[in-house]
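Hi,

Here is the model I promised to pass on. Have a look at it first, and then read on for what I found about the helix packing.

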Amino acid sequence: IQDKSSLLFIAVDHLNSISSKDHRFLLELNTKVAERTMDLGALSSASKYGEIAFSHLDKIRDPWVQHYDLTLRLYRVTTNAELALGNYEAGYKLGEELCKH
């Protein structure tokens with residue numbers, strides 16, 4: 001299992017380094033890696049992957065309507081990472097948006 005996780009991280013890092021217009025796919029992958037890194041206690045990495053996922057979320061029309069579960073997961077993991085890192089302003093801002101939905 002650990003080898004598969006390592007491969008996922010490597011693949012996502014590679015895909016993030018190239019230009020792609022498949023924002024939904026990259027949103028999903030970066031959210032998944034943010035969740036995995038959060039589970040491992042790698043808070044800064046979770047925040048980083050969350051930030052990258054948000055850059056793809058911004059390019060999707062009506063994400064709360066089109067991809068509710070995925071958007072919810074992204075907001076949840078990134079909010080938790082920011083708050084755990086002590087970035088309270090960012091965490092509260094994300095949390096406020098999360099509570100609207």
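Helix H2 (residues 23–39) packs with helix H3 (residues 43–57) at an angle of about 165 degrees, and their axes are 8 Å apart. Axes here are lines fitted to C-alpha atoms, for helices over the stretch in contact, with angles running from 0 to 180 degrees between N-to-C directions. Helices are DSSP runs (H or I, at least four residues), numbered from the N terminus.

This is a predicted model, where local features need pLDDT of at least 70, side-chain atom pairs count only at pLDDT 80 or more, and totals for chains, interfaces and linings use all residues. Residues are numbered from 1 along each chain as its sequence is written, and side-chain values use heavy atoms, leaving out hydrogens and water.

Back to the first pair: H2 and H3 are therefore roughly antiparallel to each other (angles over 145 degrees count as that). Their crossing is left-handed, meaning the near helix is turned anticlockwise from the far one by less than a right angle. Among the H2 residues that meet H3 are Leu26, Leu27 and Val33, and the H3 side includes Tyr49, Ile52 and Leu57 (contact means heavy atoms within 4.5 Å).

Then there is helix H5 (residues 68–85) with helix H6 (residues 88–99), packed at about 155 degrees with axes 8 Å apart. H5 and H6 are therefore roughly antiparallel to each other, and the crossing of H5 and H6 is left-handed. The contact includes Leu72, Tyr75 and Arg76 of H5, and Tyr88, Tyr92 and Glu97 of H6.

Cheers

Definitions and conventions: Helices (H or I, at least four residues) and strands (E, at least two) are DSSP runs, numbered from the N terminus. Angles under 35 degrees count as roughly parallel, over 145 as roughly antiparallel, 65 to 115 as roughly perpendicular and the rest as oblique.
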